[in-house]
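New to this one? Take a look at the structure below, and then we'll walk through it together.

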Amino acid sequence: MVATESTMQALGSPMPNFSLPDVADDNRLVDSQQLTGKPVLVMFICNHCPYVIHIIEALSELSNEYQAQGCAIIAISSNDVETYPQDGPEKMQDFARQYRFVFPYCYDESQQVAKEFDAVCTPDFFLYDADHRLAYRGQFDASRPGNSVPVTGAELRQALQAVSAGQAVPEVQVASIGCNIKWKPSLQAG
């Protein structure tokens, strides 16, 4: 298991526009243009990554909680399903059901949305304020597979609380770490 750190793009960056099918909801399109005026958490995850599996129960609970409070939550899988078929749309539906997602789980078949967000790992988190400016890009918490640190979601929860209250998130943030996104050969290294 090779760990990849998130890119930690500049705070205040605008949220890229996207429109993707929610495979957990009959491929209903999720369009970023429909999310105006509310905070948005975009999470790049996948079904097979041990880093995602390690936190998925707590991540699902936290996401469901904050979506109920008015934050838009979107999970996106961008992995190449030719080489990782376990991350394909049918398996994504099963994963969303198994972990009780009440938020969209979108499939980025072209991988262009991941490129526009500069997402590089799973999990990779991008939290935008109500003006869709990047407020947080960091880890869920300090827990990793095998490090015995409890899974709490503390860092992401603190950021969600601040953004939901219209407050600033501390600028010192720790990069998320996970498996690299599995790029199609035509998109690798660029």
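Here is a quick tour, from the overall build down to a few single residues.

Keep in mind that this is a predicted model. Let's start with the whole protein. You'll find four helices and ten strands in it, and going along the sequence they come in the pattern β-β-β-β-α-β-α-β-α-β-β-β-α-β. The radius of gyration is 15 Å, close to the 16 Å that the globule rule gives for 190 residues, so the protein is as compact as a globular protein of that length. Its C-alpha atoms fit in a box of roughly 40 × 40 × 35 Å along the principal axes.

How much of the protein is buried? Of its 190 residues, 51% count that way. On the outside, about 8600 Å² is exposed, with carbon and sulfur atoms supplying 49% of that area. Links across the sequence are plentiful too: take the contacts between residues at least 6 apart in sequence, and 78% of them join residues at least 24 apart.

Now for a sheet. Three strands make up an open sheet in the order S1-S10-S7, and their pairing is antiparallel. Strands S1 (4-5) and S7 (121-122) stand at the edges; each has a single partner strand, so one side of each is left without a neighbour in the sheet. S7 is joined to S10 (residues 177-180) by two bridges, and Thr122 has Cys179 in S10 as its bridge partner.

A helix lies across part of this sheet. Helix H1 (residues 50-68) crosses S7 and S10, at about 135 degrees to S10. Glu65 sits in H1 and is partly exposed, with a relative accessible area of 31%. From Glu65 to Ala3 there are 62 residues in sequence and 28 Å in space, C-alpha to C-alpha.

What about the cysteines? The structure holds zero disulfides. For Cys106, the nearest cysteine sulfur is that of Cys71, 15 Å away. The sulfur of Cys121 has its closest cysteine sulfur in Cys49, at 8.3 Å, which is too far for a bond.

Here are three residues from the tour, with how covered they are:

| Residue | Relative accessible area | State |
|---|---|---|
| Cys106 | 0% | buried |
| Cys121 | 0% | buried |
| Glu65 | 31% | partly exposed |

Cys106 and Cys121 both count as buried, while Glu65 in the table is partly exposed.

Note on methods: Residues numbered from 1 in each chain as written. Predicted model: local features only at pLDDT ≥ 70, side-chain atom pairs only at ≥ 80, totals over all residues. Heavy atoms only, no water. Pairing = 2+ DSSP bridges. Contact = heavy atoms within 4.5 Å. Axes fitted to C-alpha atoms, helices over the stretch in contact; angles between N-to-C directions. Disulfide = S-S within 2.5 Å. Buried < 20%, exposed > 50% of the residue type's maximum accessible area, 1.4 Å probe, protein only. Rg over C-alpha atoms; globule rule 2.2 N^0.38 Å. Areas by Shrake-Rupley, 256 points an atom, 1.4 Å probe, with all protein chains shown as cover.
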